[in-house]
Amino acid sequence: MVLTIEMFEEEMQEALRVFDRCIVCLEKAPSDCEGALHRLVQKAIDAFESRAPHLRHGIALDGHVTIILSQSESDRPLCGIYFNLHSPYRRVAESQKATLVEGRD
């Protein structure tokens with residue numbers, strides 16, 4: 001079976017609905033997200049099709065989205081789309097604090 005981006009259209013549309021409704025991303029507009037999903041799905045397909053025989057996944061990611069195609073019992077792999085969430089309020093590690101303080105001189 002030849003994998004195409006269109007095979008995963010349902011998953012991409014659901015991810016876009018979630019992104020539009022629930023995700024705040026100052027660096028990526030919803031229209032940019034759609035293009036990114038298409039590019040990442042194609043990269044995941046390429047990784048899935050060229051994976052070593054003992055591997056089960058094809059993965060593609062950018063700073064905001066991770067797409068995983070996983071081998072399944074059917075010809076069509078499972079498609080997982082994950083948003084790489086972070087908070088501007090997270091605690092800064094001590095090593096990063098030292099770097100930040102040194103950089104202010």
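How many residues does helix α2 have, and how far does α2 reach from its first C-alpha to its last? Select residues 30–49, which form α2, and keep in mind throughout the tour that the model on your screen is a predicted one. You will find that α2 has 20 residues and reaches 28 Å between those two C-alpha atoms, which is close to the 28 Å expected at 1.5 Å a residue.

Next, zoom out to the protein chain, which has 3 helices and 3 strands, and follow these elements along the sequence, where they appear in the pattern α-α-β-β-β-α. Of the 105 residues of the chain, 29% count as buried.

Now add helix α1 by selecting residues 9–22, and look at how its axis and that of α2 come within 10 Å and cross at roughly 150°. An angle over 145 degrees counts as roughly antiparallel, and α1 and α2 are therefore roughly antiparallel to each other; their crossing is right-handed. To see the contact itself, show the side chains of E9, M12, Q13, A15, L16, F19 and D20 on α1, together with those of P30, C33, E34, L37, H38 and V41 on α2. These contact residues divide into 8 nonpolar, 2 polar and 3 charged.

Finally, return to α2 and select its buried residues, which are C33, A36, L37, L40, V41, A44, I45 and F48. As you rotate the view, recall that an α-helix has 3.6 residues a turn, so residues three or four places apart point the same way. Then display the partners against which the buried residues of α2 pack, namely α1 and the strands β1 (57–61), β2 (65–70) and β3 (78–83).

Note on methods: Residues are numbered from 1 along each chain as its sequence is written. This is a predicted model: local features need pLDDT of at least 70, side-chain atom pairs count only at pLDDT 80 or more; totals for chains, interfaces and linings use all residues. Side-chain values use heavy atoms; hydrogens and water are left out. Axes are lines fitted to C-alpha atoms, for helices over the stretch in contact, and angles run from 0 to 180 degrees between N-to-C directions. Helices (H or I, at least four residues) and strands (E, at least two) are DSSP runs, numbered from the N terminus. Angles under 35 degrees count as roughly parallel, over 145 as roughly antiparallel, 65 to 115 as roughly perpendicular and the rest as oblique. A crossing is left-handed if the near helix is turned anticlockwise from the far one by less than a right angle, and right-handed if clockwise. Contact means heavy atoms within 4.5 Å. Ala, Val, Leu, Ile, Met, Phe, Trp, Tyr, Cys and Pro count as nonpolar, Asp, Glu, Lys and Arg as charged, and the others, Gly among them, as polar. The expected span of a helix is 1.5 Å times one less than its number of residues. Buried means under 20% relative accessible area, exposed over 50%, partly exposed in between (1.4 Å probe, protein chains only).
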